[in-house]
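Biologist: Could you take me on a close look at a single part, the metal site? I'd enjoy one connected walk through it.

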Amino acid sequence: MALHKTRAIVIKSINLSESDRLVTFFTKNYGKVKCVAKGARKAKNCFWGSLEPMSLIHLIYFGKETQSLYRLNHADIIESFQSIRDDFGKLYKGVYFLELIDSMLLEGHSEKPIFNLLQQSLFALKEETKLDSLIRLFEVRMLSLSGLKPQIDHCVTCKTIIESGTFRFSFIQNGILCRSCSRRVSTDVQFTMGTRNYIKKLMEIEIKTCGRIKIPKQQEEDIEKFTHRLVLSHLGREPKSYPFIKSMAQSI
Ligand SMILES: [Zn+2]
C-alpha cells in the first residue's frame with residue numbers, strides 16, 4: 001500500500017453510503033484521482049470542510065498503484081475558496097472550471113501545468129470582479145495545455161504568416177487559413193487582427209493580471225464565440241454549467 005502526499009483541488013464529492021463520500025481530486029503530483037472518504041458524512045469528522053468542491057488542500061491518500069479507487073487518509077485546507085461558493089456569479093464560473101478539468105482529463109496522469117492553471121484561476125476568481133476575460137483565458141489555455149492549442153499565427157495548411165486583414169478559422173483544422181487556402185478548405189468563424197491579438201494576450205499574460213485587460217465589447221463577444229466554440233468542438237457537447245454562467249451574466 002503506497003501512501004501519497006500531494007497538494008490537491010477538490011473537483012467533486014458525492015455520497016457513497018450513509019457515512020462515506022466518493023471524492024474526485026485533481027492532485028498536483030498524480031493528476032486526477034478518486035478516493036473514498038470513510039466516515040466523511042459524519043458531522044464531527046474533521047475532513048468535512050475540506051471536501052467542498054474547489055477547496056485547495058494538502059491531501060494524503062493510500063492504495064495500490066493498480067487500483068483506480070484510493071482511500072483518503074488526511075486532508076488539510078490550504079484555501080477553502082468559501083467566498084467563491086458564497087457568490088453565485090463566481091460560483092458557476094468556478095464550477096465551469098472544475099467541469100472542464102473533469103471532462104477533459106483522464107485519471108492518473110500528472111498534469112502540473114494544468115494544475116497550476118486551475119489553482120491560479122481560482123485565486124483570480126476569488127480576488128477579481130471583472131471575470132469574463134478570466135473565463136476566456138481559462139478556456140483557451142486549458143485546451144492549449146491539453147495539446148489542442150489553436151494555431152493563430154500562421155496558416156495551418158501552408159504556414160504563411162498572416163499579419164493583416166481577416167482571420168478565417170477552421171475548428172476542424174484547429175487553426176487559421178490564409179486567403180488562398182480558405183478557397184479550398186471551409187472555415188467556421190472570422191475575426192479581426194485586433195481580436196486575434198487579444199486572444200494571443202490571453203494565452204500569454206500572468207493570470208492574476210487578467211482582470212486589468214480592457215477588451216472592447218464587440219471583440220469580447222467575438223472572443224467568447226471563438227474560445228467557447230473551441231471547447232464545444234473538442235468536448236463534443238455543451239458543458240452543463242455553461243448555461244448558468246450565461247443566464248447569470250444576463251441577469252446582472
Ligand atoms: Zn495557406
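Modeller: Happily! Along the sequence, the residues that donate to the zinc ion follow the spacing C-x2-C-x19-C-x2-C. This is a predicted model, in which local features need pLDDT of at least 70, side-chain atom pairs count only at pLDDT 80 or more, and totals for chains, interfaces and linings use all residues. Residues are numbered from 1 along each chain as its sequence is written, and side-chain values use heavy atoms, with hydrogens and water left out.

The protein donors are the SG atoms of Cys 155, Cys 158, Cys 178 and Cys 181, lying 2.3 Å from the zinc ion. Donors here are N, O and S atoms within 2.8 Å of the metal (3.2 Å for Na, K and Ca); water is not among the atoms, so sites may look incomplete. Angles among the four donor atoms run from 103 to 118°, and the site is tetrahedral (four donors count as such if all angles lie between 85 and 135 degrees). For reference, the ideal angle for four tetrahedral donors is 109.5 degrees.

Cys 155 sits in the loop between α4 (132-148) and β6 (167-170), and Cys 178 in the loop between β7 (175-177) and β8 (189-191); this pair, 23 residues apart, links distant parts of the chain. Helices (H or I, at least four residues) and strands (E, at least two) are DSSP runs, numbered from the N terminus. Both Cys 155 and Cys 178 are buried, meaning under 20% relative accessible area, with exposed being over 50% and partly exposed in between (1.4 Å probe, protein chains only).

Lys 159 also lies in the loop between α4 and β6. Lys 159 is exposed at 52% relative accessible area, and has a positive phi of about 70° although it is not a glycine.

Methods. Four donors count as tetrahedral if all angles lie between 85 and 135 degrees; four count as square planar and six as octahedral if opposite donors are over 155 degrees apart and all others between 65 and 115; anything else is irregular.
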